[in-house]
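This is a short walk through one protein model with a bound ligand. Please look at the sequence and the structure before reading on.

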Amino acid sequence: MNTCETFPADFCWGAATAAYQIEGAWNSDGRGESIWDRFSHTPGKVANGDTGDIACDHYHRWPEDVALMAQLGLHAYRFSISWPRIFPSGGGQPNHRGLDFYRRLIDALCEHKIAPVATLYHWDLPQALQERGGWANRDTAYRFAEYADLLFQHFGAQVTHWHTLNEPAIVSYIGHLHGSKAPGTRRFWQLGHVIHHLLLAHGLAVQAYRSHRSHRSSRLSPGIGIVLNLRIGHPDSADPRDKQALDRIDTLWNRMFLDPLFRGYYPEEALRFLRQRGVCVRPSPGDLEIIAAPIDLLGLNVYTRSIVAAARDPLLGVRFIPPRAPKTAMGWEIYPPALYETLQLAAAYTDLPLYIAENGAAFNDTPTATGAIDDHDRIAFLQAYLAEAQRAIDDGIRLKGYFLWSLLDNFEWEEGYQRRFGIVHVDFPSGTRTLKRSAHWYRDLIARNGVLR
Ligand code: FCB
């Protein structure tokens with residue numbers, strides 16, 4: 001017989017997407033170029049030469065997508081706003097056609113009683129700002145604050161939660177050091193500036209938010225936060241050098257963001273490590289107070305964990321060991337306790353309400369002869385991770401909601417369209433949407449507010 005573990009009555013069930021991954025319409029209605037347009041249009045950067053030019057064509061098909069969300073019974077929808085749709089060249093006069101698009105989307109969500117949760121920066125910097133140095137240039141943080149301020153003015157009455165940035169660690173280390181995501185630079189010496197300006201942008205946006213008034217909704221009280229992807233790691237062996245490598249990753253990837261946001265300083269070990277490699281982090285007076293200004297909630301993205309070993313790698317001196325356990329189509333280990341461990345790490349820093357802002361899995365979904373997609377592997381993945389969410393709540397951690405990544409199959413960055421994370425299948429040539437079995441499962445789970453076993 002099925003048993004059903006119930007979540008708290010006010011628990012928020014949602015799904016998440018991001019602008020560049022679903023919208024398409026990359027040059028419609030005055031939208032400017034973003035660093036992801038430039039990156040995906042550069043040969044060799046994205047698998048199969050895929051781009052976000054059309055993606056899920058959500059820009060035109062949003063009414064159908066909102067109807068799907070309503071059909072699933074979502075309480076909230078996390079999406080991101082495309083900065084170059086609003087400021088095509090990064091600043092100056094806003095593009096009203098871009099604002100109108102989000103106005104229509106947000107109105108429709110509210111009509112269906114789906115709380116809009118908006119991320120201001122999910123990686124699509126206006127290319128014009130990149131040309132002026134991007135995140136390595138302090139001015140970008142001020143342009144971001146202006147952009148954020150405009151959105152608070154326009155949508156502050158309806159958007160319940162705002163997230164300033166999605167995963168600043170990925171933007172910093174993968175976008176600017178590893179280079180496999182836009183802008184794809186590999187300038188180690190710029191890393192400190194990039195990290196600091198991202199955090200400053202966050203803080204300035206929070207300041208701007210506080211100068212506006214927003215409304216109250218029943219399930220979610222309004223607020224602003226940031227989305228981090230903390231890296232849960234374990235050492236490859238008992239060798240103290242592996243443990244040291246793990247500590248370095250924890251400091252550079254997790255504490256480099258958690259410490260300034262919640263304690264108002266950068267971790268000394270990280271600063272020393274970076275300094276020895278010629279990387280400086282130079283806050284101006286007052287910056288750290290801006291960065292550490294109180295927020296209302298914290299979003300966390302959880303997928304996997306890392307097994308870390310010491311290595312001769314000249315940059316960070318670490319090596320990530322490929323998983324030996326079952327993995328998803330991304331090659332990521334299926335490790336459900338990562339969800340609990342992430343929440344635990346966050347809870348050690350703050351007693352703010354916590355949200356899983358993304359969790360989900362890519363699998364090679366194969367439609368049956370009738371076109372159905374029986375993605376039992378995805379359902380098993382979600383069930384196992386949600387059991388960890390339940391465990392955290394039972395242990396008193398303030399987990400208030402869960403956003404499944406992703407509503408739709410979409411453009412998975414440098415992996416293109418070959419990785420499908422959706423609970424709704426998208427046939428990319430035609431744009432046709434089909435609910436996978438996991439979508440039906442999620443709808444039932446939301447209806448019962450619990451996990452079916
Ligand atoms: C996260 C990103 C999201 C998506 C998932 C799979 O790091 O925030 O856009 O690509 O990974």
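How do the residues of the shell around the ligand divide into nonpolar, polar and charged? The model is a predicted one, and in it the shell holds five nonpolar, four polar and three charged residues.

The nonpolar residues of this shell are Trp123, Tyr303, Trp405, Trp413 and Phe421. Gln21, His122, Asn166 and Asn301 count as polar, and the charged residues are Glu167, Glu358 and Glu412.

Some of these residues also place a side-chain N or O atom at a short listed distance from a ligand oxygen. For Gln21, the distance between such a side-chain atom and an oxygen atom of the ligand is 2.8 Å. The side chain of His122 likewise has an N or O atom 2.8 Å from a ligand oxygen. In the case of Glu358, the corresponding distance is 3.0 Å. On its own, the ligand has 290 Å² of accessible area, and the protein covers 95% of it. The site of the ligand is the largest pocket.

One residue of the shell, Trp405, leads on to the backbone. The peptide bond that runs from Trp405 to Ser406 is cis, and its omega is near 10°. Ser406 belongs to the loop between strand β12 (399–405) and strand β13 (424–427).

A cis peptide bond is also found between Ala182 and Pro183, where omega is about 5°. Pro183 is placed in the loop that lies between helix α8 (168–178) and helix α9 (191–210).

Another backbone feature concerns Ala55. This residue is not a glycine, yet its phi is positive, near 50°. Ala55 sits in the loop between α2 and α3 (58–72).

Helix α2 also takes part in a contact between charged side chains. Side chains of opposite charge can pair when their charged atoms come close. With a cut-off of 4 Å between the side-chain nitrogen and the carboxyl oxygen, the count of salt bridges comes to 30. One of them joins Glu131 and Arg38, whose closest N and O atoms are 3.7 Å apart. Because Glu131 lies in helix α6 (residues 127–131) and Arg38 in helix α2 (residues 35–40), this pair ties together parts that are 93 residues apart in sequence.

Conventions: Residues are numbered from 1 along each chain as its sequence is written. This is a predicted model: local features need pLDDT of at least 70, side-chain atom pairs count only at pLDDT 80 or more; totals for chains, interfaces and linings use all residues. Side-chain values use heavy atoms; hydrogens and water are left out. A residue is near a molecule or strand if one of its heavy atoms lies within 4 Å of it. A polar contact is a pair of N or O atoms within 3.5 Å; within protein, one must be able to donate a hydrogen and the other to accept it, and residues adjacent in sequence count only if both atoms are side-chain atoms. Accessible areas come from the Shrake-Rupley method with a 1.4 Å probe; for residues, only the protein chains shown count as cover. On a 1 Å grid over the protein atoms alone, a cavity is a set of points where a 1.4 Å probe fits but cannot get out, and a pocket is an open set with protein on both sides within 12 Å along at least five of seven lines; lining residues have an atom within 4 Å of a point. A molecule sits in a cavity or pocket if more than half of its atoms lie within 2 Å of its grid points. Helices (H or I, at least four residues) and strands (E, at least two) are DSSP runs, numbered from the N terminus.
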